[in-house]
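Work through the following exercises with the sequence and the 3D structure side by side. Each task is followed by a solution that proceeds step by step.

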Amino acid sequence: MTSPTELAVVVLAAGQGTRMRSRTPKVLHPVGGRPLVGHVLDTAASLDPARIVVVVRHERELVAETVSELAPGVVIVDQDEVPGTGRAVEVALDALDGFEGDVLVLSADVPLLETGTLTELLATHRTGGTAVTLLSARVDQPFGYGRILRDETDGVRRIVEQKDATADEAAVTEINVGVYVFQAAPLRAQLAQVGTSNAQGEKYLTDVVGLLRDARLGVAASVTSDASAALGVNDRVQLSEAGRTLNARTVRRWQLEGVTVVDPATTWIDVTATLAPDVTILPNTHVRGATVIASGATIGPDTSLVDCEVGENATVTRTDGTLAVVEAGATVGPFAYLRANARVGVNGKVGTFVEVKNSSIGEGSKVPHLSYIGDTEIGRGVNLGAGAITANYDDIAKHRTVIGDEVHSGSHNVFVAPVTIGAGAKTGAGAVIRKDVPAGALALSVAPQRNVEGWVEKNRPGTRAADVAARARAEQEAADGS
């Protein structure tokens, strides 16, 4: 037996979510870097419950797999063919056999509820000694939500679903947001009495409220002061609204932690990202996934970082980066593309229109302009000229290029992998490097220049180029004759 003061959390994640019009289960749609159900599981865990039970049905395997990854150790139970939230909670109670504490019921599509709101709800429930305390909100547009119907003493009489509501009932603006705290024993007893005689043919959890009231076991509703945070996500419009609300909350939190966000309206930061004090985020910047940004770094404008690490005092400007590391003092951009496993070393530089993939650029090394660096290891103090390409693919497999310390290359070099450039070596402009270059050597691949006199006049007669060439040649011949 459990203590009456213990808490179990039931998360309802069985619904199909047809209004999303999506092949993806509604509860797996992401907002702020996590699926909807992930936010709810995080909030549930923050309450330190004795148990968490998640009820699944639609796309069962996919939802269960995601839940297990996000919250290992939660109990996953399957709802059977009987539809409705009441049945979902009933099968969850079967998994809570012997539990006699409080049961908090959350919906997996209500991602913005904060720990403080639920802590207050639990306190109200336990102080009032009621069999159920539900969370409600007053909204201007209540369509689609169950309505809270109160009696002449302002007590909760029952909840009516949208499709079962009369015109007068539908005009009520206090809605049920699908969050309840029940005492376990009366919940079990009354759920057994709930049928499916309604417009949806479902076993409604909301019917338990009326039954508990009729049994004089105590029913209360706590109106949240933050209605926007209590609303569920039922379609793509509400998903984007939830995203904006969550992002504004996230940006503000980082601002209060010492991060400068120049334009919060155009800055998006996932809840999974980590920023240090004195980071500066410039407009039109997205910080996504598990990105970590160290103190003094400046990111943006017009930059997207996904699962990246940025070191102290680094600068990343107009850059798209995924699974990349930018070490302390390095500069990246503008218009750079850092792909998976790209690493820019301390005080390194990746410049304008440079793409880096699966490569490390050593301390103080520079790839300033118009280059592709793939599957390459670059040492310290290297400077690659404009237009450098490490040609890593031979149509069958990828190969690596190794460039030693203090190598300086000319413009428009192609390094055909696999190839190694020794420390301190130089390469000439336009070189195509197909063989290893010894340390300290100069590598050239320049063919002698040959000029074919009169070619344009002979092969392009009547063109402007031919006309000006003829005039220029005549002027030169006249000058030579004088």
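**Exercise 1. Two sides of a helix**

Task: In the predicted model, decide which residues of helix α2 are buried and how they are placed around the axis.

Solution: Start with accessibility along helix α2, which spans residues 60-70; V63, A64, T66 and V67 are buried there. These residues lie on the same side of α2, because the arc that they cover around the axis is only 165 degrees. The general rule behind this step is that an α-helix has 3.6 residues a turn, so residues three or four places apart point the same way. Next, turn to the other side of α2, where E61 and E69 are exposed. Finally, look for what covers the buried residues of α2: the cover includes the strands β1 (7-13), β3 (34-35), β4 (51-56) and β5 (75-78), together with helix α1 (36-46).

**Exercise 2. A covered strand and its partners**

Task: Determine how many residues of β1 are buried, and find which residues stand opposite V9 in β6 and in β4.

Solution: Begin with the count, which shows a mostly covered strand, as 7 of the 7 residues of β1 are buried. Then sort the side chains by direction: L7, V9, V11 and A13 point one way, while A8, V10 and L12 point the other way, and all are buried. This fits the general pattern that side chains in a regular strand alternate between the two faces of the sheet. For the partners, note that β1 runs parallel to strand β6 (residues 102-107), to which 6 bridges join it, and that L104 in β6 is the residue opposite V9. The pairing of β1 with β4 is likewise in the parallel sense, over 6 bridges, and here V9 has I52 opposite.

**Exercise 3. Two open sheets**

Task: Give the strand order of the open sheet of 9 strands and of the open sheet of 3 strands, and identify the edge strands in each.

Solution: The sheet of 9 strands has the order β14-β17-β20-β23-β26-β28-β30-β32-β35, and its pairing is parallel. Its edges are β14 (274-275) and β35; each has a single partner strand, so one side of each is left without a neighbour in the sheet. To check one pair inside this order, take β30 and strand β32 (residues 401-403), which pair in the parallel sense over 3 bridges, with T401 in β32 as the bridge partner of T376. The sheet of 3 strands follows the order β33-β36-β38, again with parallel pairing. There the edge strands are β33 and β38 (442-443), each of which pairs on one side only. Strand β36 (residues 426-427) pairs with β38 over 2 bridges, and A443 in β38 is the bridge partner of T427.

**Exercise 4. Nonpolar cores and a buried glycine**

Task: Establish which residues touch the most other members of the largest nonpolar core, and whether G351 is buried or exposed.

Solution: The largest nonpolar core has 47 residues, of which L275, I281, I293, L338, V350 and I421 touch the most other members. Two or more residues come from each of α9 (236-256), β25 (336-338), β27 (349-357), β29 (366-374) and β35 (419-421), and β27 gives the largest share, 3 residues. Leaving out residues up to four places away in sequence, L275 touches W254, V259, I269, I281, V287 and I293. A second, separate core has 36 residues, among them V27, A44, A108 and L121.

Now consider G351, which lies in strand β27. Because buried means under 20% relative accessible area, G351 counts as buried at 1%. Apart from neighbours within four places in sequence, G351 is in contact with G333, P334, A336, V367 and P368.

**Exercise 5. Annotated positions**

Task: Locate A386 and S411, and ask whether they touch each other.

Solution: An unreviewed UniProt entry carries the annotation "binding site" for A386, N392, Y393, S411 and A429. A386 is found in the loop between β30 (376-378) and β31 (389-391), and S411 in the loop between β33 (408-409) and β34 (414-416). Both are partly exposed, A386 with a relative accessible area of 25% and S411 with one of 40%. Beyond four places in sequence, A386 is in contact with H369, S411 and H412, whereas S411 is in contact with G385, A386, A429 and G430.

How values were computed
Residues numbered from 1 in each chain as written. Predicted model: local features only at pLDDT ≥ 70, side-chain atom pairs only at ≥ 80, totals over all residues. Heavy atoms only, no water. UniProt positions renumbered as here; feature names shortened; annotations may be inferred. Helix = DSSP H or I, 4+ residues; strand = E, 2+ residues; numbered from the N terminus. Buried < 20%, exposed > 50% of the residue type's maximum accessible area, 1.4 Å probe, protein only. Contact = heavy atoms within 4.5 Å. Pairing = 2+ DSSP bridges. Arc of directions from axis to C-beta. Core = buried A, V, L, I, M, F, W, Y, C linked by side-chain atoms within 4.5 Å.
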